[in-house]
Amino acid sequence: MSEETKRCKKCILPGSYPGIHFDEQGICSYCLAPVEGDRPTEEELKSKLDKIIQASRGKGKYDVAVGLSGGKDSSYVAYFLRKEYDLKILGVNFDNGYRSEIAVRNMETLVDKLGIDLVTIRPNKKFMKKLYAHFLRKQGEFCSVCNNMGYLLMGSYMYGQKLLAGFMPLGVGGWSKKYEYQPGVSVTSMPYFFRNLGPELLAELISQPFIEEKVVRSYMRLNDPRQAQIDTGEQKESHEHALGFIQLPDYVHWDLMKMPQILKKAVGWQQPPNTHDSHFDCTLFPSKEYLKIKRYGLTQETIKNSVLIREGLMTREEALDRMKLEQTEEPADYQLFLKELGLSREDVNQEAEWSTR
Ligand SMILES: [Zn+2]
């Protein structure tokens, strides 16, 4: 079997994954890599989270803001914070113009059931389209736009409302940093977004009414909005109000396999038929996965599920089974999306390296 068509015997990463190699047993270098430091215990993580929540509770009109989409992770964040900490939550939803109906319905049912106020921010569509087209032309992907605009819009809104802590569901568990910044295939990095944005679009971004320039300028210096956590003090230097983003999976056991059942029972959460439970909140997700498989020979799901196997949260068989739903063909929506942006298939850069942080 050639290196390219090989698949790790422990996780499911293929030989096309950037920087991968295999040992004689067919185990990949990511599975063999030593784990850095000792993983904190559940008690240590819980006491950290308690501290963050204590610092934010009762400090503004709401105790915390939670980024909500109606997908399973963000729904679980809201559910968990209500159940475990009884917080006064403001749900903040980013409408990128491509929300799925089922996700919106989930979100509305959830906020009603949990008694959460909700604000939806829908930035100017013409500007968003400009950003998507720019990144497709330059980098061959468009997901970095929402990955970063989500933070910038929510951060700007929280700044205006003097809210301290924003909870997000990105990543899978306390090890999520390892997952998000895999070399070459990640588009969540903030430096990558700003490096490729260019001065004209940056100026246009700052002039958007939903955007606070102060927030943009301060996040431009970060690798990750998580670095601005309220317990570090770092954020307080750049703002009169500390604006921390907390990824709840960094602090809480994040059992993705059990989540749909828990949410279904507690808040009537639903997932679409004939698909897995990941990321159906955005109708562009199949196009993103398609571009990724074309560029790198694997999907985000494969990377994420490989991490879950290593963490003992998914079996290799379950992960291989999920691969049957992988988006290997061009989705019908892709062509429509390009048309809406005024692009042809040939305009999409197929060569650019995605983020290396
Ligand atoms: Zn592996």
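**Notes on a parallel sheet and a zinc site**

1. Let's start with the sheet: five strands make up an open sheet, ordered E3-E2-E1-E4-E5, with parallel pairing. E3 (117-121) and E5 are the edge strands with a single partner strand each, so one side of each has no neighbour in the sheet. On average, neighbouring strands here are turned by 25° against each other, direction ignored. Please keep in mind that this is a predicted model.

2. A general reminder may help when you trace the pairs: strands of a sheet pair through backbone hydrogen bonds, and the sense can be parallel or antiparallel.

3. E1 and E2 are a good place to begin the tracing. Strand E1 (residues 64-67) pairs with strand E2 (residues 89-94) in the parallel sense, over four bridges. If you want a register marker for this pair, alanine 65 has leucine 90 in E2 as its bridge partner.

4. Is E2 enclosed or open to its surroundings? Six of its six residues are buried, so E2 is largely enclosed by the rest of the structure. Taken face by face, Ile89, Gly91 and Asn93 lie on one side of E2, while Leu90, Val92 and Phe94 lie on the other, and these are all buried. The route into this strand runs from E1 through helix H3 (residues 72-85) to E2, a β-α-β crossover that is right-handed.

5. On to the next pair, E2 and E3. These strands pair in the parallel sense over five bridges, and leucine 90 stands opposite aspartate 117 in E3. Here the chain crosses from E2 through helix H4 (residues 101-114) to E3, and this β-α-β crossover is right-handed. Leucine 90 is thus worth a click in your viewer: it is the bridge partner of alanine 65 and stands opposite aspartate 117.

6. Now for the E5 edge. Strand E4 (residues 165-168) and E5 run parallel and are joined by four bridges, with methionine 168 opposite glutamine 247 in E5. E5 (residues 244-247) stands at an edge of the sheet, yet both of its faces are covered: Gly244 and Ile246 on one side, Phe245 and Gln247 on the other, are all buried.

7. The zinc site comes next. Which protein atoms are the donors of the zinc ion? They are the SG atoms of Cys8, Cys11, Cys28 and Cys31, at 2.3 to 2.4 Å from the ion. The angles subtended by the four donor atoms are 103 to 113°, which makes the arrangement tetrahedral. For reference, the ideal angle for four tetrahedral donors is 109.5 degrees.

8. How are these donor residues spaced in sequence? The pattern is C-x2-C-x16-C-x2-C. Cysteine 8 and cysteine 28 both lie in the segment before helix H1 (29-32), so this pair ties together parts that are 20 residues apart in sequence.

9. Last, some checks on the cysteines. Cysteine 8 has 0% relative accessibility and counts as buried; cysteine 11 is likewise buried at 0%, and cysteine 28 is buried with a relative accessible area of 0%. Searching the whole structure for disulfides gives zero.

Methods. Residues are numbered from 1 along each chain as its sequence is written. This is a predicted model: local features need pLDDT of at least 70, side-chain atom pairs count only at pLDDT 80 or more; totals for chains, interfaces and linings use all residues. Side-chain values use heavy atoms; hydrogens and water are left out. Buried means under 20% relative accessible area, exposed over 50%, partly exposed in between (1.4 Å probe, protein chains only). Helices (H or I, at least four residues) and strands (E, at least two) are DSSP runs, numbered from the N terminus. Two strands pair if DSSP finds at least two bridges between them. Donors are N, O and S atoms within 2.8 Å of the metal (3.2 Å for Na, K and Ca); water is not among the atoms, so sites may look incomplete. Four donors count as tetrahedral if all angles lie between 85 and 135 degrees; four count as square planar and six as octahedral if opposite donors are over 155 degrees apart and all others between 65 and 115; anything else is irregular. Axes are lines fitted to C-alpha atoms, for helices over the stretch in contact, and angles run from 0 to 180 degrees between N-to-C directions. A disulfide is a pair of cysteine sulfur atoms within 2.5 Å. A crossover is right-handed if, with the strands pointing away from the viewer, the path from the first strand over the helix to the second runs clockwise.
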